[in-house]
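This report describes one protein model for a reader who has not met it before. The sequence and structure are shown first, and the text then goes from one helix contact to the whole chain.

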Amino acid sequence: MIIHLDSDNPKPLEEKIQDLILRKLFIKVDDEKIFINKEDFVNLIYSDVWAIAKADYDMDVALKLAVERQPQYKEILDTKRNELSEAVDEFSVEIDAYQTYLDMINDDEDEFDIYDNVLSVLNSDEEVLQARLYQIIYTSLDRKIEDDEFEQSGIDKQQYVENFTTYIFVIGGSSSFKNAVEKLYNGNLDFMKANNLSIEQYQVQLEKIVALFQEEINAYKMAMSLQSQNAEIPMILATTRQLLKLEN
C-alpha cells in the first residue's frame, strides 16, 4: 500500500527517501538509549546510515564521509568509527534501503519503482514491526484487565498480560481459529497433558479469550493485512493505536 500525495510542489525523490528512512528510524530506535532530543538523535543515526550506504559498507570510506558531514568528529575519529560499527549492527535494513535507492538511481529506474522498492526493504524489518505491535497490544490489554482478574492465577499482572498478548498474536496471525487452537495446544503439550486438558476443552477457554479481547485481535489482524499490502510500518502502528483508542 503506497500512497503518493504530491502537491503542486512535489519533494525531490531523495528527500522522499530520506523521509521514509527517518520515519522508520523514529519508531525503531530504543527510547531508553536516548539522552538527547529524539529527532536530533534520529538525524544523527540517519547520517551514519547515509555514510555507510554511500561507502558500500567500506568503513574507512564511511568514516571519511561521516566526518565531512559531521566535522565535530574530526578530533574523535575512534568515537565516530565505533558509532558507524554500531549502526551497521543495528540499522542494516535502513542502510540496505538507502543502497537500494542509490543502485536504482544509478540504473535510471522509474521514481515510483524506486520509492516502492525502498519501502519494501524498510518493511522487511519483521522483528521491529512485531516488537512494536507487541508493545501496543500489551498496553491495550494492561489498560483493560482489572487487578482482581489475575490475582487468583498465582502470577503477577505483567506475566498475566504477556500471556494474553501471546494468545492474541497467535489467534490474530493464524489462518483460522482452529489453526490457532492447534498451534497453542501443541506448543504447550506438556502442560495440557499434566492438567488433563483436552484440545476441545482448551478451545472453549480460547473462545472466552476471543470474546474478551476481540478488539485487540481485530487490530492485530488489520496490522497484518496492512503489512501484506506493503504499508509503511509507522502507518501500520499508528493505525493499530487508533483502532485501540491509544494516544500516540
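In this predicted model, Y46, S47, W50, A51, I52 and K54 of helix α2 are in contact with A62, L65, A66 and R69 of helix α3. Contact means heavy atoms within 4.5 Å. Sorted by type, the residues of this contact are seven nonpolar, one polar and two charged. Here Ala, Val, Leu, Ile, Met, Phe, Trp, Tyr, Cys and Pro count as nonpolar, Asp, Glu, Lys and Arg as charged, and the others, Gly among them, as polar.

Two packed helices are described by the angle between their axes and the distance between the axes. Helix α2 covers residues 38–54 and helix α3 residues 59–69; their axes come within 8 Å and cross at roughly 140 degrees. That angle makes α2 oblique to α3. Angles under 35 degrees count as roughly parallel, over 145 as roughly antiparallel, 65 to 115 as roughly perpendicular, and the rest as oblique. The axes are lines fitted to C-alpha atoms, for helices over the stretch in contact, and the angles run from 0 to 180 degrees between N-to-C directions. The crossing of α2 past α3 is right-handed, a term used if the near helix is turned clockwise from the far one by less than a right angle.

Residues are numbered from 1 along each chain as its sequence is written. Local features need pLDDT of at least 70 and side-chain atom pairs count only at pLDDT 80 or more, while totals for chains, interfaces and linings use all residues; side-chain values use heavy atoms, with hydrogens and water left out.

The protein has 13 helices and zero strands. Helices (H or I, at least four residues) and strands (E, at least two) are DSSP runs, numbered from the N terminus. Along the principal axes, the C-alpha atoms fill a box of roughly 65 × 40 × 30 Å. Of the 248 residues, 41% are buried; buried means under 20% relative accessible area, exposed over 50%, and partly exposed in between (1.4 Å probe, protein chains only). Among contacts with a separation of 6 or more, 63% are between residues 24 or more positions apart.

Which residues touch the most other members of the largest nonpolar core? They are L133, L141 and Y202, in a core of 38 residues. The elements giving two or more residues to this core are α7 (126–144), α8 (157–173), α9 (177–187), α11 (199–212), α12 (214–228) and α13 (233–243). Helix α7 gives the most, with seven residues. A nonpolar core is a set of buried Ala, Val, Leu, Ile, Met, Phe, Trp, Tyr and Cys residues joined through side-chain atoms within 4.5 Å.

Leaving out residues up to four places away in sequence, Y202 touches Y167, V181, L184, Y185, M192 and L197. A second, separate core has 36 residues, including I45, V49, I52 and F91.

I199 lies in helix α11 and is partly exposed, at 27% relative accessible area. With residues up to four places away not counted, I199 touches V181, E182 and Y185. The C-alpha atoms of I199 and N186 are separated by 8.9 Å, with their positions 13 residues apart along the chain.

Most residues other than glycine have a negative phi. The table lists two residues with a positive value.

| Residue | Phi | Place | Relative accessible area |
|---|---|---|---|
| D108 | near 60 degrees | loop between α5 (92–106) and α6 (111–123) | 69%, exposed |
| K245 | near 60 degrees | segment after α13 | 65%, exposed |
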